[in-house]
Amino acid sequence: MTLTDFARRVTDSGTCTVTGSGAAGPDAGAAPGAPVPAPSSVAGADAAVSRAVGREADGLAVASFVLGLVGLLVFNVLFGPTAIVMALLALARRTRRRGRALLGLALGVADLVVLAVLVTGNGAIAWDFGG
């Protein structure tokens, strides 16, 4: 078996089959023809999972920022706590957009402060600029 056949076989099935007498290595005692997991496929799967988690955490950071910003104008009773939770989740998952997650957290808290001011001023959870 040539090296290209071996690489093709490993990438197609995710496992490689040990054949012949040249099967020396860490699994030299394994039965000939027994499937052996390919180390490159396991490492590739871990890298793909970490990229997916990183992308998800970045998305949470951006979403918390946007919800916090929009919550200053409308639905602050809903968007404020949601922005806070999403920012904390993004920070816990070690997002690369840490600044945006912190801004989302600050804006979520600001949403709740605006809500508290409106409730104490108007006595209701509503915007009322008319006299």
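Which residues of H3 are buried? Keep that question in mind as we walk through this predicted model; we will reach the helix in a moment.

**Start with the whole chain.** Show everything as a cartoon and colour it from the N terminus on. You should find four helices and two strands, and the elements follow one another in the order α-β-β-α-α-α. The protein chain has 131 residues, and buried residues make up 22% of them. If you switch on a surface, its accessible area comes to about 8500 Å², with 68% belonging to carbon and sulfur atoms. As for contacts between residues at least 6 apart in sequence, 53% of them join residues at least 24 apart.

**Select residues 76-92.** This is helix H3. Its 17 residues reach 24 Å from the first C-alpha to the last, close to the 24 Å expected at 1.5 Å a residue. Now for the opening question: the buried residues here are Asn76, Phe79, Gly80, Ala83, Ile84, Met86, Ala87 and Ala90. Step past the end of the helix and you come to Arg94, which follows H3 and has a positive phi, near 55°.

**Select Leu60, Ala61, Met86, Ala90 and Ala101.** Show them as spheres: these five residues form the largest nonpolar core. Helix H2 (39-71) and helix H3 each supply at least two residues of this core. In soluble globular proteins, nonpolar side chains tend to be buried together.

Next, centre the view on Ala90. What is Ala90 in contact with, leaving aside its neighbours within four places in sequence? The partners are Ala57, Leu60, Ala61, Thr95 and Ala101.

**Select Val66, Val70, Leu73, Val74, Phe75, Val77 and Leu78.** Here you move to the surface, where these residues form a nonpolar patch with about 640 Å² of accessible area together. H2 and H3 are the elements that give two or more residues to the patch. Try Val66, which has its place in helix H2. Is Val66 buried or partly exposed? Val66 counts as partly exposed because its relative accessible area is 41%, between the 20% and 50% cut-offs.

**Finish at Leu115.** This residue lies in helix H4, residues 98-122. Leu115 is buried because its relative accessible area is 14%, under the 20% cut-off. Add Val77 to the selection and draw a distance between the two C-alpha atoms: they are separated by 6.7 Å, although Leu115 and Val77 are 38 residues apart along the chain. Val77 is also one of the patch residues you selected at the previous stop.

Methods:
Residues numbered from 1 in each chain as written. Predicted model: local features only at pLDDT ≥ 70, side-chain atom pairs only at ≥ 80, totals over all residues. Heavy atoms only, no water. Core = buried A, V, L, I, M, F, W, Y, C linked by side-chain atoms within 4.5 Å. Buried < 20%, exposed > 50% of the residue type's maximum accessible area, 1.4 Å probe, protein only. Contact = heavy atoms within 4.5 Å. Expected span 1.5 Å × (residues − 1). Areas by Shrake-Rupley, 256 points an atom, 1.4 Å probe, with all protein chains shown as cover. Patch = residues over 30% accessible without salt bridge, like charges linked within 9 Å, V, L, I, M, F, W, Y side chains within 5 Å. Salt bridge = Lys/Arg side-chain N within 4 Å of Asp/Glu carboxyl O.
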